Amino acid sequence: MDHTKRVYNDIFEMLPTEENPSPMVRINRLNPNPDFPLFAKLEWMNPFGSVKDRAAWTMLRDLEKRGEINEKRGIVEPTSGNTGISLAAMARARGYHMRAVVPNKVPLEKKLLLKIAGADLDVISDELCPAPGLGDGSINLAKTHAKAQAHRYAMPNQYENEHNVQAHLQTTGPEIWRQTDGRITHLFVSLGTCGTVSGTSKFLKSKNPEIKVIAVQPTEGHDVPGLRNVSQLGVSKLFDSSLVDDILEIEFRLAYARALDLCQNEGLLAGPSSGLIFEGTREIIMRDKKGLGVMIFPDNIFKYTSNMAKHIAGLMSGTQA
Ligand SMILES: Cc1ncc(COP(=O)(O)O)c(C=O)c1O
């Protein structure tokens, strides 16, 4: 495959690999520390629009290889949106059906996108990022579907599936190592299922144990889809504290303010979890003074315009005749 020509036989050939990495773009106007170059890795450039393309593809391929899915038996998955969008589009392109169980607080744009991508939708009242073991949450409902209708559904279960970590161990980590010529000193990530942090950190620390991995989380009661607050961390089976050097808890509204800054000053149309990561990064690059940082920006702002209107004062003004 010749990635310089960018002519592909199907959409799956576009998925990120070490030979075809998601791009990294330097932060220019918003970096307050000239001794600490910062790069944003733009996961929204992946073919289905987010970092979750990596985990979705690795989990789907595993189910295919094990003969767990076919034209009659599709997939059911709890999701705050991105995994579901990637899985739905991939599944439908390969002839499988897909059912997504989403918390009601997920933005309308994501719910609509799930339907447009071809998923059947269950919307339930739940925490924003589904948490294993909590009452009748999205995870339990998806598990119930998978059990009661085992002939119709296999459940990848991104919250417990080791392939979610493997995806980042095999792609995100090697891409970053190569893109920085091994010069990365700090990795900045957010925590949802913790697949990104665990896989990427494991790879990078195997290359250089001195690399610092910083994770950011929103404050409790947050409205940042895809992410977890500290109080929910204990239930993340893929979280490994030995792979994380610092966890920062950041006021969740700053996720929206910083996303707006990135949009309006860097030309980076970053979503709220990227905004939250950027806020945490700014703290650390002032503390640690020198280094080379990479931030993994999970998705872009297009799925969050209604959330932006909710959290950025005055955004709606002047939008009506
Ligand atoms: C927008 C967004 N940001 C961050 C994350 C966190 O990634 P991970 O689940 O790999 O921890 C997710 C995961 O769903 C997400 O959708």
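A domain, as the word is used here, is a part of the chain whose bounds come from an automatic or database domain assignment. The model on display is predicted.

**Stop 1: the two domains**

Select residues 11-46 together with 162-311 and give them one colour; this selection is domain 1. Then select residues 52-154, which form domain 2, and give them another colour. The C-alpha centres of domain 1 and domain 2 are 24 Å apart.

**Stop 2: where the domains meet**

How many residues of domain 1 are in contact with domain 2? There are 28, and they touch 23 residues of domain 2. On the domain 1 side, the elements that supply two or more residues are α5 and α9, the latter spanning 305-311. Helix α5 gives the largest share of this side, with seven residues. By class, the domain 1 side holds eight nonpolar, 15 polar and five charged residues.

**Stop 3: the ligand**

Select the ligand next and display its surroundings. A shell of 20 residues encloses the ligand, and the closest are Gly192, Thr196, Gly226, Ser273 and Pro298. The elements contributing two or more residues to this shell are α2 (82-93) and α6. Twelve residues of the shell are polar, six are nonpolar and two are charged. Why does the ligand lie between the domains? Domain 1 and domain 2 both give residues to the shell, so the ligand lies between them.

**Stop 4: helices α5 and α6**

Select residues 162-179 for α5 and 195-207 for α6. Their axes come within 7 Å and cross at roughly 50°. Angles from 65 to 115 degrees count as roughly perpendicular and those under 35 as roughly parallel; α5 and α6 are therefore oblique to each other. The crossing of α5 past α6 is right-handed. Show the side chains where the helices meet: among them are His168, Leu169 and Trp177 in α5, and Thr196, Phe203 and Leu204 in α6. The contact of α5 with α6 comprises eight nonpolar, ten polar and two charged residues.

**Stop 5: helices α1 and α2**

Finally, select α1, residues 52-65, together with α2. These helices pack at an angle of about 50°, and their axes are 8 Å apart. Helices α1 and α2 are therefore oblique to each other, and α1 passes α2 in a right-handed crossing. From α1, the contact includes Ala55, Trp57 and Leu60, while Leu87, Met90 and Ala91 are among the residues from α2. This contact divides into seven nonpolar, three polar and two charged residues.

Key. Residues are numbered from 1 along each chain as its sequence is written. This is a predicted model: local features need pLDDT of at least 70, side-chain atom pairs count only at pLDDT 80 or more; totals for chains, interfaces and linings use all residues. Axes are lines fitted to C-alpha atoms, for helices over the stretch in contact, and angles run from 0 to 180 degrees between N-to-C directions. Helices (H or I, at least four residues) and strands (E, at least two) are DSSP runs, numbered from the N terminus. Angles under 35 degrees count as roughly parallel, over 145 as roughly antiparallel, 65 to 115 as roughly perpendicular and the rest as oblique. A crossing is left-handed if the near helix is turned anticlockwise from the far one by less than a right angle, and right-handed if clockwise. Two residues are in contact if their C-beta atoms, placed from the backbone, lie within 7 Å. Ala, Val, Leu, Ile, Met, Phe, Trp, Tyr, Cys and Pro count as nonpolar, Asp, Glu, Lys and Arg as charged, and the others, Gly among them, as polar. A residue is near a molecule or strand if its C-beta atom, placed from the backbone, lies within 6 Å of it.
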